[in-house]
Amino acid sequence: FSPLMLGASLFFAGKGRWLRPTLAAAILLIPLLRLIANWTNSLHGLYHQQVWLESSGPYTMLAWERGPLYLPFILYSYLLTACSIGIVLRYRHRRQGTARIRLALLAFAFVSPLLFNAVYQLRVLPPAIPNLTPVGFFLCTALLAQAMLRYRLSEIIPFARERIVEQAPVALLLLDHEKHL
């Protein structure tokens, strides 16, 4: 999810051109290695050293002992998420009105899974409480839905209009495909 956050933040900051295929491949390499390490864990135990079913609480949960590759993969994911949030907040600082609200919702959406997962990774809550990261993703989805439906996050016109106005040497009248000014 964190590589997608980074791509979205670059897009909404008007820096989508930075995401060339080679950079995108480099960003996706670590998550791909994480996936391979998880799939092949039974052969080497580097991602999870031990996996078992824990039934000490009110329900049975999957439990594991973290392997040496677990923490570096998690930290990489956190790094990408932090970069995404930083890009959005930096870009938000230069915007006004609805654009600021859109970008604030985007930043909060990116923060919510990170916070819930950090609580889980740091083992702040007792072991009987399950991983609450899905709650963070639910909040992320709700915030993104509000940003898209109420504040038209996916509407590219304001971003395109800003770019054209900033770079235009003379006054321009622009029409959309329905001939609206």
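## Exercises on a predicted model

C140 is buried, at a relative accessible area of 2%. Keep in mind that the model is predicted.

**Exercise 1. Work out how many disulfides there are, and compare the settings of C83 and C140**.

Step 1: A disulfide is a covalent bond between the sulfur atoms of two cysteines.
Step 2: The cut-off for calling one is a pair of cysteine sulfur atoms within 2.5 Å, and by that rule the count is 0.
Step 3: Now the settings. C83 has a relative accessible area of 37%, so this cysteine is partly exposed, whereas C140 is buried at 2%.

**Exercise 2. Check whether the length of helix α5 fits its residue count**.

Step 1: α5 covers residues 98-121, which makes 24 residues.
Step 2: At 1.5 Å a residue, the helix should span 34 Å.
Step 3: The end C-alpha atoms sit 35 Å apart, so expectation and model agree.
Step 4: Look just past the helix as well: R123 takes a positive phi of about 55°.

**Exercise 3. Decide whether helix α1 is enclosed or open**.

Step 1: Buried means under 20% relative accessible area.
Step 2: In α1 (residues 2-12), 8 of the 11 residues pass that test; they are S2, P3, M5, L6, G7, S9, L10 and F12.
Step 3: α1 is therefore largely enclosed by the rest of the structure.
Step 4: After the helix comes G14, with a positive phi near 75°.

**Exercise 4. Describe the aromatic pairs F1–F137 and Y47–Y70**.

Step 1: The structure has 3 aromatic pairs. One of them joins F1 and F137, with 5.0 Å centre to centre and 85° between the planes, so it is edge-to-face.
Step 2: F1 is in the segment before α1 and F137 is in helix α6 (residues 133-149), so this pair ties together parts 136 residues apart in sequence.
Step 3: F1 is partly exposed at 43%, and F137 is partly exposed at 32%.
Step 4: Y47 and Y70 make a tilted pair, 5.3 Å centre to centre with 55° between the planes. Y47 belongs to the loop between α3 and β1, and Y70 to helix α4, 23 residues apart.
Step 5: Y47 is buried at 4%, as is Y70 at 5%. Together with F73, these two tyrosines form one aromatic cluster.

**Exercise 5. Find the nonpolar surface patch that includes L29**.

Step 1: L29 sits in helix α2 (residues 21-39) and is partly exposed at 43%.
Step 2: Its patch partners are L32, L33, L35, I36 and W39, and the whole patch has about 590 Å² of accessible area.

Definitions and conventions. Residues are numbered from 1 along each chain as its sequence is written. This is a predicted model: local features need pLDDT of at least 70, side-chain atom pairs count only at pLDDT 80 or more; totals for chains, interfaces and linings use all residues. Side-chain values use heavy atoms; hydrogens and water are left out. Helices (H or I, at least four residues) and strands (E, at least two) are DSSP runs, numbered from the N terminus. The expected span of a helix is 1.5 Å times one less than its number of residues. Patches are made of residues with over 30% relative accessible area and no salt bridge: like charges are joined within 9 Å, nonpolar side chains (Val, Leu, Ile, Met, Phe, Trp, Tyr) within 5 Å. Accessible areas come from the Shrake-Rupley method with a 1.4 Å probe; for residues, only the protein chains shown count as cover. A salt bridge is a side-chain nitrogen of Lys or Arg within 4 Å of a carboxyl oxygen of Asp or Glu. Buried means under 20% relative accessible area, exposed over 50%, partly exposed in between (1.4 Å probe, protein chains only). Rings of Phe, Tyr and Trp (its six-membered ring) pair if their centres lie within 6.5 Å; planes under 30 degrees apart count as stacked, over 60 as edge-to-face and the rest as tilted.
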